[in-house]
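Thanks, everyone. I would like to walk through one helix, then the nonpolar interior, and then a single strand residue, so please keep the model in view as I go.

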Amino acid sequence: MGGAVSAGEDNDDLIDNLKEAYYIRSDLVERAFRAIDRADYYLDEYRENAYKDLAWRHGNIHLSAPCIYSEVMEALDLHPRISFLNLGSGTGYLSTMVGLILGPFGVNHGIELHADVIEYAYQKLDSFIKTSDSFDKFEFCEPSFVVGNCLEIPPESRQYDRVYCGAGVQKDHEKYMKNLIKVGGILVMPLEEKLTKITRTGPNTWETKKIISVSFAPLILPKHNVNGKPKTVPLPKYEVRTLQELARFCIRHTLQMTTDRGESQSRSRGSSFSVGRGLAVAGLHKYGPRFKRRRVHRRRCNALVLATRQVVGSGMSPSPLDSNNNQGGRVEDEEAARRETRGSRRGARGARGLMEEEEMVEEEVEEEQEEEEEERETGELLQVQPAVNVLRERILGLPLPEPLKRFLLYYRNK
């Protein structure tokens, strides 16, 4: 499933394409997608396929198409401090993006059938926490995963605010899935070849909305029994935060908020990204705002050139001549000819104006291309703009023992 949007040159280009196709519709979801490079969840030998709008599978490792994840993230209607359960959590890519929105006081759980995939997911999670430039721009809810079949959750288990199932659900398991969400909660799952959003409006009432047609592998039915009874899979535990962890959250939050306020005063008010609650997104675009503006402007220029060519072509095309020799229609023919002559003159004037505008646009495009070529030669265009991690610098500047500073930095090396 996938192929709904064009492939991107990099993660940001892929997100731009998803926005243009209206799969990503909210700033919050866009920030989460930009913060995590999809290619980081691919095996190294398959990274060149990461920015295509296609699903990917290697053995038990699987990633859905970007357009599917976009629809899922939008449908879940995420916000801080809620609980989330991912059924078939896979590589942890989706759970990590969700964690950026939930914040440190949310709940982020996942169940995965294959133990080797959970090991892979924890490796990717550790890499994100230790090395990603985006980690310090968010307040993160770290996901927890358990091995098991999502159809073996005990009926008396806790319910969640948001649940996503990453495998095809048949009609006879619909009620089971619905009972995993609280009243007011949202369940998103592939149900009978349709990505479906179900909102629980009461103890026994639900609202259902079909989103898009999808094709998912079906849920794998449980096989194991214990003493003749179905095996049950315990969900991850709700962990009580230690005093040290709470202190770390509060200190980082205070430093981040004061940093955000300082940056927001220096930025123009017209910015499309507001900063707050740890969602500092300035600089998330890999090559910086100038590179992004140039790419969007070039697309608009090309579209305008194409549109003007079509208008000029249609305005200058000659009308077919009437070969009828009927004398009674001569006056009407002469009047029609005069109208056609006047219209042709107006069309010619309009065409000249459009051609002049087209020439100006083409000249501007050529100037940009020349400028890009010069910057490529100097290495300026494609060089990632170095960003200062203000939160890290502020923590390192605190009058605290080094071990405590490293604890506040989550023992990150960058």
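When I say buried, I mean a relative accessible area under 20%, with exposed reserved for values over 50% and partly exposed for what falls in between. Please bear in mind throughout that this is a predicted model.

Let me begin with helix α5, which runs over residues 115-131, and whose 17 residues reach 24 Å from the first C-alpha to the last, close to the 24 Å expected at 1.5 Å a residue. Within α5, the buried residues are Val117, Ile118, Tyr120, Ala121, Lys124, Leu125, Phe128 and Ile129. The cover over these buried residues includes α2 (27-35), β2 (61-63), α4 (93-102), β4 (107-112) and β5 (144-147).

Turning to the interior, the largest nonpolar core has 54 residues, and of these Phe33 and Met73 touch the most other members. At least two residues of this core come from each of α1 (11-20), α2, β2, α3 (66-76), α4, α5 and β7 (181-191). If we set aside residues up to four places away in sequence, Phe33 touches Asn11, Ile15, Ile24, Pro66, Tyr69, Ser70, Met73, Tyr93 and Met97. Apart from the largest core lies another, of 23 residues, which include Leu87, Ile153, Tyr160 and Met189.

Finally, consider Thr208, which sits in strand β9, residues 205-213. Is Thr208 buried, exposed or partly exposed? Its relative accessible area is 46%, so Thr208 counts as partly exposed. Beyond its neighbours within four places in sequence, Thr208 is in contact with Thr196, Lys197 and Ile198, while its C-alpha atom is separated by 9.8 Å from that of Val188, 20 residues apart along the chain.

How values were computed
Residues numbered from 1 in each chain as written. Predicted model: local features only at pLDDT ≥ 70, side-chain atom pairs only at ≥ 80, totals over all residues. Heavy atoms only, no water. Helix = DSSP H or I, 4+ residues; strand = E, 2+ residues; numbered from the N terminus. Expected span 1.5 Å × (residues − 1). Buried < 20%, exposed > 50% of the residue type's maximum accessible area, 1.4 Å probe, protein only. Contact = heavy atoms within 4.5 Å. Core = buried A, V, L, I, M, F, W, Y, C linked by side-chain atoms within 4.5 Å.
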